[in-house]
Amino acid sequence: VMPVGLRITGKVTAPDGTPISSNIYINTNTPTFRGTSSPRPDGTYTLVVLPGDYTLSFNDNGGIYVNGCYTSHGFSVSQNDCTTVSVTTDDVPGIDATMPIGLRVNGTVRSPEGTPLANINIYANNPGNYNTGTRTRPDGTYSLTVVPGDYTISFNDQTSIYVSGCYASGSPGDFAINGNPCTPVTVTAG
């Protein structure tokens with residue numbers, strides 16, 4: 001028997017107020033329930049949930065906007081700032097988010113022979129922020145969308161052929177295996 005749910009609703013916009021709908025996914029994050037929604041063309045969304053407390057994350061799989069979460073102020077890239085949305089007996093409207101346009105960290109992953117590597121997981125890690133990740137394209141290139149800050153860039157091969165590690169300027173191949181120092185990449189606007 002499928003229970004009747006309650007709705008969390010809101011609107012997702014760009015900094016200029018334009019509705020965002022393409023490649024955006026809104027997720028509820030709880031240990032017992034996971035709901036997902038995508039905005040309609042006008043930027044509005046509906047998540048159907050059971051009564052409970054939810055943290056909402058907003059993710060752009062298109063790589064234009066920065067991933068983050070709902071806060072009582074609208075949106076944050078800091079996991080520590082997420083506001084819990086409590087759903088009791090009524091729908092919860094007005095859970096809006098304005099997603100900032102991100103900056104890019106781009107690169108290419110190659111084998112020791114210089115062959116571009118596809119499907120390598122790449123992560124930009126910054127304590128306190130939503131870490132973002134992607135996979136390399138068939139030509140070995142990747143692009144990560146972030147806000148200004150210092151990031152370590154880590155690489156992981158799910159096929160278990162290549163060793164995981166991170167970007168390390170000056171190391172052989174600018175690569176260090178896990179446990180060795182990574183070189184932070186500073187991303188600034190302008």
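Residues 24 or more positions apart account for 56% of the contacts in the chain with a separation of 6 or more, a contact being a case of heavy atoms within 4.5 Å. Keep in mind that this is a predicted model, where local features need pLDDT of at least 70, side-chain atom pairs count only at pLDDT 80 or more, and totals for chains, interfaces and linings use all residues. Residues are numbered from 1 along each chain as its sequence is written, and side-chain values use heavy atoms, with hydrogens and water left out.

**Overall picture**

The chain has 16 strands and 0 helices. Both kinds of element are DSSP runs numbered from the N terminus: H or I with at least four residues for helices, E with at least two for strands. The C-alpha trace spans about 60 × 45 × 30 Å along its principal axes. Of the 190 residues, 42% count as buried; that label means under 20% relative accessible area, while exposed means over 50% and partly exposed covers what is in between (1.4 Å probe, protein chains only).

As for surface, the chain exposes about 10,300 Å², and carbon and sulfur atoms supply 52% of that. The areas come from the Shrake-Rupley method with a 1.4 Å probe, and for residues only the protein chains shown count as cover. On the charge side, the mean positions of the 8 positive and 13 negative charges are 7 Å apart. Lys and Arg count as positive, Asp and Glu as negative, with His and the chain ends not counted; each charge is placed at NZ of Lys, CZ of Arg, CG of Asp or CD of Glu.

**The disulfides**

There are 2 disulfides in the structure, each a pair of cysteine sulfur atoms within 2.5 Å. With the bonded cysteines numbered in sequence order, the pairing goes 1-2, 3-4.

| Pair | S to S distance | Angle about the S-S bond | Hand |
|---|---|---|---|
| C69 and C82 | 2.2 Å | -100° | left-handed |
| C166 and C182 | 2.0 Å | -100° | left-handed |

C166 sits in strand 14 (residues 165-167) and C182 in the loop between strand 15 (175-177) and strand 16 (185-187), so this pair ties together parts 16 residues apart in sequence. C166 counts as buried because its relative accessibility is 3%, whereas C182, at 30%, is partly exposed.

The other link, C69 to C82, also joins distant parts of the chain: C69 is in strand 6 (residues 68-69), and C82 is in the loop between strand 6 and strand 7 (85-87), 13 residues apart. C69 is buried, with a relative accessible area of 0%, and C82 is partly exposed at 21%.

**A sheet of 3 strands**

One open sheet has 3 strands in the order 4-1-8, with mixed pairing. Strand 4 (44-49) and strand 8 (97-98) each have a single partner strand, so one side of each is left without a neighbour in the sheet. Strand 1 (residues 6-13) pairs with strand 8 in the parallel sense over 2 bridges, which just meets the rule that DSSP must find at least two bridges between paired strands. One of the bridge partnerships is T13 with T98 in strand 8.

**A look at G102**

Just past that sheet's edge strand in sequence comes the loop between strand 8 and strand 9 (103-108), where G102 lies. G102 is buried, with a relative accessible area of 16%. Leaving aside residues up to four places away in sequence, G102 touches I64, Y65, V66, T145 and V146. From G102 to the disulfide-bonded C82, the C-alpha separation is 19 Å, with the two positions 20 residues apart along the chain.
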